[in-house]
Amino acid sequence: MIEEGAMRWARLVLVALVAVTLAGCGARGERDLRQFPYSLQQGPEEFAVVPFKPLETPQSFAELPTPTPGARNRVDLTPNADAVAALGGDPAALSERGVPASDGALVSHASRYGVPAGLRARLAAEDAEYRQRFGLFTFQLIRNDRYRQAYRRQALDPNAALEAYRRAGLRTPSAPPQ
């Protein structure tokens with residue numbers, strides 16, 4: 001017969017295994033497809049810190065408008081345009097709505113057979129369903145890139161494509177070594 005101490009030890013090990021197994025089955029919620037092991041938000045967002053223009057004293061404090069939550073800052077009326085200009089871009093590009101004129105021919109050719117309504121939502125739903133089916137029978141002890149796992153058979157090898165284009169005599173950009 002098994003000793004009482006050994007039986008107690010076996011129960012303890014069994015309970016610990018069940019607890020560890022159930023802890024790994026917790027719902028994680030919807031996250032980004034690319035799961036990085038370390039948090040990217042360990043410090044302040046350096047691009048969110050924008051210096052403001054100098055404060056101005058109005059001619060009369062009686063003429064100041066009443067504060068409105070969500071209204072524009074009187075000192076910094078165009079923060080996005082200022083940030084684009086500081087980074088060397090064209091702030092006028094922010095005011096363009098729709099497709100720029102330079103891309104009109106490309107968009108009209110791509111949509112020559114029509115564009116189905118709700119395409120982005122449908123593709124997102126199909127992608128979520130595909131990844132759900134893919135992850136049905138997978139078990140992982142270490143977190144890794146689920147997106148890369150799910151679509152590994154559909155991925156292109158960039159180095160093979162580069163070599164194929166070069167063999168065909170087409171001009172190709174330089175690429176980092178393998």
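A helix, as I use the word here, is a DSSP run of H or I covering at least four residues, and I number helices from the N terminus. With that settled, I looked at Glu-4 and Arg-8: both sit in helix 1, four residues apart, which is about one turn of the helix. Note to self: this is a predicted model.

Entry: the whole chain.
I went through the fold next. The protein chain has seven helices and zero strands. Reading along the sequence, I wrote the pattern down as α-α-α-α-α-α-α. Then I checked burial, and buried residues make up 5% of the 178 residues in the protein chain. The accessible surface comes to about 16700 Å², and 60% of that accessible surface belongs to carbon and sulfur atoms. I also looked up contacts between residues at least 6 apart in sequence: 35% of them join residues at least 24 apart.

Entry: salt bridges.
How many salt bridges does the structure hold? I found three salt bridges listed for the structure, and I took them in sequence order.

Back to Glu-4 and Arg-8 to begin with. They form a salt bridge, with the closest N and O atoms 3.0 Å apart. Glu-4 is exposed, and Arg-8 is exposed as well.

Next up were Arg-122 and Glu-126. Their side chains meet in a salt bridge at 3.4 Å, N to O. Both residues lie in helix 5, which runs over residues 119-134. They are four residues apart, again about one turn of the helix. Are these two buried or exposed, or something in between? Arg-122 has a relative accessible area of 44%, so I put it down as partly exposed. Glu-126 is at 40% relative accessibility, so it counts as partly exposed too.

Last pair: Glu-163 and Arg-166. Here the side chains meet in a salt bridge at 3.8 Å, N to O. I found both in helix 7, residues 158-167, and they are three residues apart, about one turn of the helix. Glu-163 counts as partly exposed because its relative accessibility is 36%. Arg-166 has a relative accessible area of 38%, so it is partly exposed.

Entry: a nonpolar patch.
Which residues make the nonpolar surface patch? I wrote down Trp-9, Leu-12, Val-13 and Leu-17, and the patch they make is about 440 Å². I picked Leu-17 for a closer look. Leu-17 belongs to helix 1, which spans residues 4-23. Why does Leu-17 count as exposed? Its relative accessibility is 53%, and exposed means over 50%, so Leu-17 makes the cut.

Recap for later: helix 1 holds the Glu-4 and Arg-8 pair, and Leu-17 of the nonpolar patch is in helix 1 as well. The other two pairs I looked up sit in helix 5 and helix 7.

How values were computed: Residues are numbered from 1 along each chain as its sequence is written. This is a predicted model: local features need pLDDT of at least 70, side-chain atom pairs count only at pLDDT 80 or more; totals for chains, interfaces and linings use all residues. Side-chain values use heavy atoms; hydrogens and water are left out. Patches are made of residues with over 30% relative accessible area and no salt bridge: like charges are joined within 9 Å, nonpolar side chains (Val, Leu, Ile, Met, Phe, Trp, Tyr) within 5 Å. Accessible areas come from the Shrake-Rupley method with a 1.4 Å probe; for residues, only the protein chains shown count as cover. A salt bridge is a side-chain nitrogen of Lys or Arg within 4 Å of a carboxyl oxygen of Asp or Glu. Buried means under 20% relative accessible area, exposed over 50%, partly exposed in between (1.4 Å probe, protein chains only). Contact means heavy atoms within 4.5 Å.
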